[in-house]
Amino acid sequence: MSEVFEGYERQYCELSANLSRKCNSAAALSDHEQKQQKFVEVKAGIDDADVLIRKMDLEARSLQPSVKAVLLAKLREYKSDLNQLKREFKRVTSPNANQASREELLESGNADVHSASAEHRERMAMSVERLNESSDRIMESRRTILETEELGISILQDLHQQRETLLHSHNKLHGVDDAIDKIDHNKLYSQFVSTQLVMLPSRILLPSWC
């Protein structure tokens, strides 16, 4: 699945549920200014929902076919949901709607709307729950990756320390070898000098004709 698509999807689900509540509450308001303010908020929210739908569509079409097919199927459901919100908004903001039609909407006609809204909210809640579960799995995967990276760094540090220890030991052994070579050289020189000193008297006593 696409983490980018899931992010847009989560935003849309929350926005759609919020717009449905605002649209229903705006229709029940008696104060004209408050109602108009609610309508402005709903209209801005619907525009934002349109943008999210387009972003989800672009993201889904950029993925591999197997994933794209699943996401486009979900996207069709969200487009249908948004169209329903637009129809509901158009109905409650219609300039030809009189008080009787609004009362009918609030009392009798709203039964179906409330039922649809309840179903919509339930569907959105389930979608958000699935998204939260996906987010938890993603976070767990990231945590595992982070722990693996930390373990790798620790191993590299241990290997570096072992390398430094081996280099230090090698240098010490090299120093010992040099010392041994120096001792052997001095020993040979001492033996040579001793030999020469031993032979010196015999050389002195021998006649010149020998």
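What is the handedness of the crossing of helix 2 and helix 3? In this predicted model, the crossing of those two helices is left-handed, and the paragraphs below place that crossing in its setting, beginning with the chain as a whole.

The protein chain contains four helices and zero strands, and along the sequence these elements follow the pattern α-α-α-α. Of its 210 residues, 24% count as buried. The packing described here concerns helix 1, which spans residues 3–27, helix 2, which covers residues 32–61, and helix 3, which runs over residues 65–92.

Helix 1 and helix 2 pack at an angle of about 160°, and their axes are 9 Å apart. Angles over 145 degrees count as roughly antiparallel, and helix 1 and helix 2 are therefore roughly antiparallel to each other. Their crossing is left-handed, and the contact of helix 1 with helix 2, sorted by residue class, has 17 nonpolar, three polar and eight charged residues.

Turning to helix 2 and helix 3, the axes of this pair come within 10 Å and cross at roughly 165°, so that these helices, too, are roughly antiparallel to each other. As stated at the outset, the crossing of helix 2 and helix 3 is left-handed.

How, then, are helix 1 and helix 3 oriented to each other, roughly parallel or roughly antiparallel? The axes of helix 1 and helix 3 come within 11 Å and cross at roughly 20°; because angles under 35 degrees count as roughly parallel, that is the description that applies to helix 1 and helix 3. The crossing of helix 1 and helix 3 is left-handed.

The aromatic side chains give a view of these helices at the level of single residues. A pair of aromatic rings is described by the distance of the centres and the angle of the planes, and in this model the count comes to two aromatic pairs. One of them is formed by Y12 and Y78, whose rings are tilted, with 5.3 Å from centre to centre and 55° between the planes. This pair links distant parts of the chain, since Y12 belongs to helix 1 and Y78 to helix 3, with their positions 66 residues apart in sequence. Both Y12 and Y78 are buried.

F39 and F89 form an aromatic pair that is edge-to-face, with 6.0 Å centre to centre and 85° between the planes. Here the link is between helix 2, which holds F39, and helix 3, which holds F89, and these parts of the chain are again distant, with the two residues 50 residues apart. Both F39 and F89 are buried.

A further view comes from the start of the chain, where S2 is found in the segment before helix 1. Is S2 buried or exposed? Its relative accessibility is 6%, and S2 therefore counts as buried, the cut-off for that class being under 20%. A polar atom of the side chain of S2 lies 3.1 Å from the backbone nitrogen of F5. S2 can also be set beside V67, a residue of helix 3: the two are 65 residues apart in sequence, while their C-alpha atoms are 8.3 Å apart in space. V67, with a relative accessible area of 16%, is buried.

Definitions and conventions: Residues are numbered from 1 along each chain as its sequence is written. This is a predicted model: local features need pLDDT of at least 70, side-chain atom pairs count only at pLDDT 80 or more; totals for chains, interfaces and linings use all residues. Side-chain values use heavy atoms; hydrogens and water are left out. Rings of Phe, Tyr and Trp (its six-membered ring) pair if their centres lie within 6.5 Å; planes under 30 degrees apart count as stacked, over 60 as edge-to-face and the rest as tilted. Buried means under 20% relative accessible area, exposed over 50%, partly exposed in between (1.4 Å probe, protein chains only). Axes are lines fitted to C-alpha atoms, for helices over the stretch in contact, and angles run from 0 to 180 degrees between N-to-C directions. Angles under 35 degrees count as roughly parallel, over 145 as roughly antiparallel, 65 to 115 as roughly perpendicular and the rest as oblique. A crossing is left-handed if the near helix is turned anticlockwise from the far one by less than a right angle, and right-handed if clockwise. Ala, Val, Leu, Ile, Met, Phe, Trp, Tyr, Cys and Pro count as nonpolar, Asp, Glu, Lys and Arg as charged, and the others, Gly among them, as polar. A polar contact is a pair of N or O atoms within 3.5 Å; within protein, one must be able to donate a hydrogen and the other to accept it, and residues adjacent in sequence count only if both atoms are side-chain atoms.
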